[in-house]
Amino acid sequence: MKISFSNVTPMEMQMLSSHFSAARIDIEQLDKFMNPVMGLDHFLMSGPTFAPHPHAGFSAISYLFEDSKGGMLNRDSMGHSFIAQPGDVIWTQAAHGLVHDEVPVQTGQKVHGIQLFVNLRGTNKNLPPEVFHLNASDAPQIGNNGNRVRLLVGCYQTYVSPLKPAEPFLMTDGYYKVEDELVLPPDWRTLFFQLKGDMTINVDGHQRRLQGPGIVGLHNRQITQVKLIPNTDSHLMVLAGPVNNEPVASYGPFIMNNKQEIEAAITRYRNGDMGSLSPRHG
């Protein structure tokens, strides 16, 4: 078969700490439909949750939904310190390694977003780290018969996002009232993540239906036209990238191709080669 679908996996919010609730992707259920995506949290954060921590070998992306009640302060060991507002994207291409943290600007004010981990190919894992910040107003917006799709990363129809990471990826945030279409390049894997609504994903008569919050994966082996058919008004994100068939070795905040590269990343971090951040106070 030229295309294959995963089963639909529910995404249910759980309270994980006093300041943090999240619906986490079920890696076991979606394993063959994920890479280059390596993780996804749909979260609500109302206060400091994670201490400064390293990343290497992949990109860590935070996207704040437009309905987020507050912004997020981003710091990293490259010297960046900026506030991301609702609708913004922070794309942290960690590559060779850095240290960062992200907290709500105002404790008690809920930040609503997703955090996404996207793998890098071996040739790019040693790139110098780079951080991209896409302001909400700079994201192309596509309207079609009542639909509204925000293009955050990649290309969609004739539109191109100004955010340009090292490897191709497609990330959209859409509100759908009527049927729409999406064309995917060959040998990509796509996650359709629905936040609310009732949506049928149809490819050449093969289909999956998302009813309420949930996610479904697609692997297409040829250029593929996807029909997005909302049965009710729906809020759906599309997260897609080319298949990465390289070996994967992961350990905590590091994703590499083998154990030796993991050990080298740990050594770089311990030696301070990824930089450092002081803990927050107050």
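**Figure 1. Eight bridges join strand S5 to strand S12, and the two run antiparallel.** This close-up, like the others here, comes from a predicted model, in which local features need pLDDT of at least 70 and side-chain atom pairs count only at pLDDT 80 or more, while totals for chains, interfaces and linings use all residues. Residues are numbered from 1 along each chain as its sequence is written, and side-chain values use heavy atoms, with hydrogens and water left out. A strand here is a DSSP run of E with at least two residues, a helix is a run of H or I with at least four, and both are numbered from the N terminus. Two strands are said to pair if DSSP finds at least two bridges between them. Look for glycine 39, which stands opposite phenylalanine 117 in S12. How much of S12 is buried? Seven of its nine residues are, so S12 is largely enclosed by the rest of the structure. Buried means under 20% relative accessible area, exposed means over 50%, and partly exposed lies in between (1.4 Å probe, protein chains only).

**Figure 2. Seven strands make an open, antiparallel sheet.** The order to follow is S3-S4-S5-S12-S7-S10-S13. At the edges stand strand S3 (14–17) and strand S13 (130–134), each with a single partner strand, so one side of each has no neighbour in the sheet. Ignoring direction, neighbouring strands of this sheet are turned by 25° against each other on average. Axes are lines fitted to C-alpha atoms (for helices, over the stretch in contact), and angles run from 0 to 180 degrees between N-to-C directions. Strands of a sheet pair through backbone hydrogen bonds, either parallel or antiparallel. Strand S7 (residues 58–64) is a good one to trace: S7 pairs with S12 in the antiparallel sense over seven bridges, and five bridges join S7 to strand S10 (residues 89–93), again antiparallel. Tyrosine 63 has isoleucine 114 in S12 as its bridge partner, whereas serine 62 is partnered by isoleucine 90 in S10.

**Figure 3. Four strands form another open sheet, also with antiparallel pairing.** Here the order is S6-S11-S8-S9. Which strands lie at the edges? They are strand S6 (53–55) and strand S9 (81–84), and each pairs on one side only. From one strand to the next, the twist averages 35°. S6 and strand S11 (residues 98–104) run antiparallel and are joined by three bridges. To find this pairing, start at histidine 55, whose bridge partner in S11 is leucine 98.

**Figure 4. The largest pocket holds about 390 Å³ of space.** The search ran on a 1 Å grid over the protein atoms alone: a cavity is a set of points where a 1.4 Å probe fits but cannot get out, while a pocket is an open set with protein on both sides within 12 Å along at least five of seven lines. Grid points are joined across faces, edges and corners, and a volume is the space filled by probe spheres set on the points. Lining residues have an atom within 4 Å of a point. There are 20 of them around this pocket, with Arg24, Asp41, Phe50, Gln115 and Phe117 nearest its centre. Strand S4 (20–24), strand S5 (37–45), S6, S11 and strand S12 (111–119) each give two or more residues, and S5 gives the most, with six. What kinds of residue make up the lining? Eleven are nonpolar, six polar and three charged. Nonpolar covers Ala, Val, Leu, Ile, Met, Phe, Trp, Tyr, Cys and Pro, charged covers Asp, Glu, Lys and Arg, and the others, Gly among them, count as polar.

**Figure 5. Glutamine 157 has a positive phi of about 55°, although it is not a glycine.** Glutamine 157 is in the loop between strand S16 (155–156) and strand S17 (159–160). Most residues other than glycine have a negative phi, and most peptide bonds are trans. Aspartate 187, also not a glycine, has a positive phi of about 60°. Its loop runs between strand S19 (180–184) and strand S20 (188–203), and aspartate 187 is partly exposed, with a relative accessible area of 33%.

**Figure 6. UniProt lists two domain features, "Pirin N-terminal" at residues 41–118 and "Pirin C-terminal" at residues 181–274.** Both come from an unreviewed entry. UniProt positions follow the numbering used here, feature names are shortened, and annotations may be inferred rather than shown by experiment. Residues 41–118 are 0% helix and 56% strand, with end C-alpha atoms 12 Å apart. Residues 181–274 are 13% helix and 62% strand, with end C-alpha atoms 42 Å apart. Finish at glutamate 263 in helix H2 (residues 259–270), which is partly exposed at 40% relative accessible area. Glutamate 263 and valine 216 are 47 residues apart in sequence and 34 Å apart in space, C-alpha to C-alpha.
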